[in-house]
Amino acid sequence: MSRLDSALEPIYAQVLQRNPGEDEFHQAVLEVLDSLGAVVAKHKTYMDARVIERICEPERQIIFRVPWVDDRGEVQINRGFRVEFNSVLGPFKGGIRFHPSVLLGTVKFLGFEQVFKNALTGLPIGGGKGGSDFDPKSRTDGEVMRFCQSFMTELYRHLGEYRDVPAGDIGVGPRELGYLFGQYKRITNRYESATLTGKGIGWGGSQVRKEATGYGTVYFANEMLGTVNGSFDGKTVVVSGSGNVAIYAIEKVQELGGTVVACSDSAGYVVEESGIDLELLKEIKEVRRGRVREYAEERRAKYVTDGSIWNVPCQVALPCATQNELDPDGARALVAGGCVVVAEGANMPTTPDAVRVLQGAGVLFGPGKAANAGGVATSALEMQQNASRDSWTFEYTEGRLAAIMRGIHERCAGTAEEYGEPGNYVVGANAAAFMRVADAMLAMGVI
Ligand code: NDP
């Protein structure tokens, strides 16, 4: 059940009408609008200047053909996207996703979320997102390189450190970013480091960027636990996914004294009561590009292909795989299993109905746009280092990340309180982020 304010209903109706079939984008917009009733009641100018309608319309959407030749000499054609959503706070900033499921609506939902996430960091970055329906998992290194080169051959003209700065996302890790940056450098004949983030440490990347989204999610969840006098120490934790975000969330939970008892990929999940062996998981996922099934076989651990990871009892759950992976049944299972905190490492992994189940049961829920903002925040720190031709130590950079996550938590908690919803991080995150973006838009006139 949505509680959309009547003043906002026509805006949502227009979004539905103008963007047919883009369910994930509708979902992301509704989630934000749901939180803004009290904000627009208090600040009428936002409605008068039609700021919300403007925010719901991307500044620019780029769709392009990506032709390339596979190892058998056959021509392949994929589709590339970059949705430059909002640059009122800084250059467009947001990752690129390579996954067969990517459609324009996927990239729009991610770009929309990114605008608010980036605003919450307090850093000078706008929001955008990109991707392609290319599947790197089924391809050789040579094929991935040729695809990335073709993708960048079109995209480069839209990028630049003052214009649009991509990073990685699902299916785009260090290998893909290397090929993308290499082609950008070659075409432009310029070493513009700050045009792409998540680069290798040896060629302009930042310490902690690889770890940042996972670490940041755990810092945020730790702040949430702190509000009920808790911490990760001694907690049982379930982390879905086993990619970049999941692996470094597991690492930080372990450092803080928690035990991660389950993780997954799209084929199944592994359960290990004594805790996941992170070194082996990293070896299998990051070096061998293997599967969770292989991890379970090597550890002789329980591996489940036909169930839900949320049935594994835990006190803290961190969904770190993909959108809409935690549904109401999963949420009810978490509640029954004693879960007290859910923080989203992935983007929009919890369905709106599942959020209601969790919040209704008193579970503290941290939405991705707040909880997983550590990745993009550290990307912005990478841009700072590139601009000053400097590179910071791991300790210093991690300190900056931790402070940013504390700041985001404070902003969300404080704004939720101000709008009469203490402990509601969804309202806090959406309202705080929206007002930062909206105020800048008002200041700049009708843009
Ligand atoms: P990776 O590609 O490194 O890992 C993705 C993980 O999620 C894999 O374990 C993958 O399993 C699983 N997964 C992907 N799609 C599905 C699906 N349809 N069903 C079930 N499992 C799936 O991506 P990241 O770790 O970088 O990203 C994970 C999430 O975090 C995404 O929502 C992303 O948008 C978000 N995020 C990432 C940031 C970053 O810095 N990387 C920053 C902020 C948010 P399999 O291998 O079987 O597909």
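**Exercise 1. Work out whether N229 is buried or exposed, and describe its backbone.**

Start with the cut-offs: buried means under 20% relative accessible area, exposed over 50%, and partly exposed in between, with a 1.4 Å probe and protein chains only. N229 has 78% relative accessibility, so it counts as exposed. Next, find its place: N229 sits in the loop between α9 and β6 (236-240), where helices (H or I, at least four residues) and strands (E, at least two) are DSSP runs numbered from the N terminus. Now the backbone: phi of N229 is positive, about 60°, though the residue is not a glycine. Most residues other than glycine have a negative phi.

A word on the ground rules: this is a predicted model, in which local features need pLDDT of at least 70 and side-chain atom pairs count only at pLDDT 80 or more, while totals for chains, interfaces and linings use all residues. Numbering runs from 1 along each chain as its sequence is written, and side-chain values use heavy atoms, with hydrogens and water left out.

**Exercise 2. Do the same for M348: is it buried or exposed?**

M348 has 7% relative accessibility, so it counts as buried. Its loop runs between β11 (341-343) and α14 (352-360). Phi of M348 is positive too, near 50°, and this residue is not a glycine either.

**Exercise 3. Describe the shell around the ligand: how many residues surround it, and which are the closest?**

Count a residue if one of its heavy atoms lies within 4 Å of the ligand. That gives 25 residues, the closest being K137, D169, T213, S266 and R291. Sort them by type: 5 are nonpolar, 13 polar and 7 charged. (Ala, Val, Leu, Ile, Met, Phe, Trp, Tyr, Cys and Pro count as nonpolar, Asp, Glu, Lys and Arg as charged, and the others, Gly among them, as polar.) Then see which elements chip in: α9 (209-226), α10 (244-255) and β7 (259-265) each supply at least two shell residues.

**Exercise 4. Which atoms of G171, N244 and S266 pair with ligand oxygens, and how much of the ligand is buried?**

Look for polar contacts, meaning pairs of N or O atoms within 3.5 Å. A polar backbone atom of G171 is 3.0 Å from a ligand oxygen. For N244, a backbone N or O atom lies 2.9 Å from an oxygen of the ligand. S266 uses a polar side-chain atom, 2.4 Å from a ligand oxygen. Finally, the ligand alone exposes 890 Å², and the protein buries 83% of that (Shrake-Rupley method, 1.4 Å probe).

Note on methods
Near = heavy atom within 4 Å. Polar contact = N/O pair within 3.5 Å; in protein donor to acceptor, adjacent residues only side chain to side chain.
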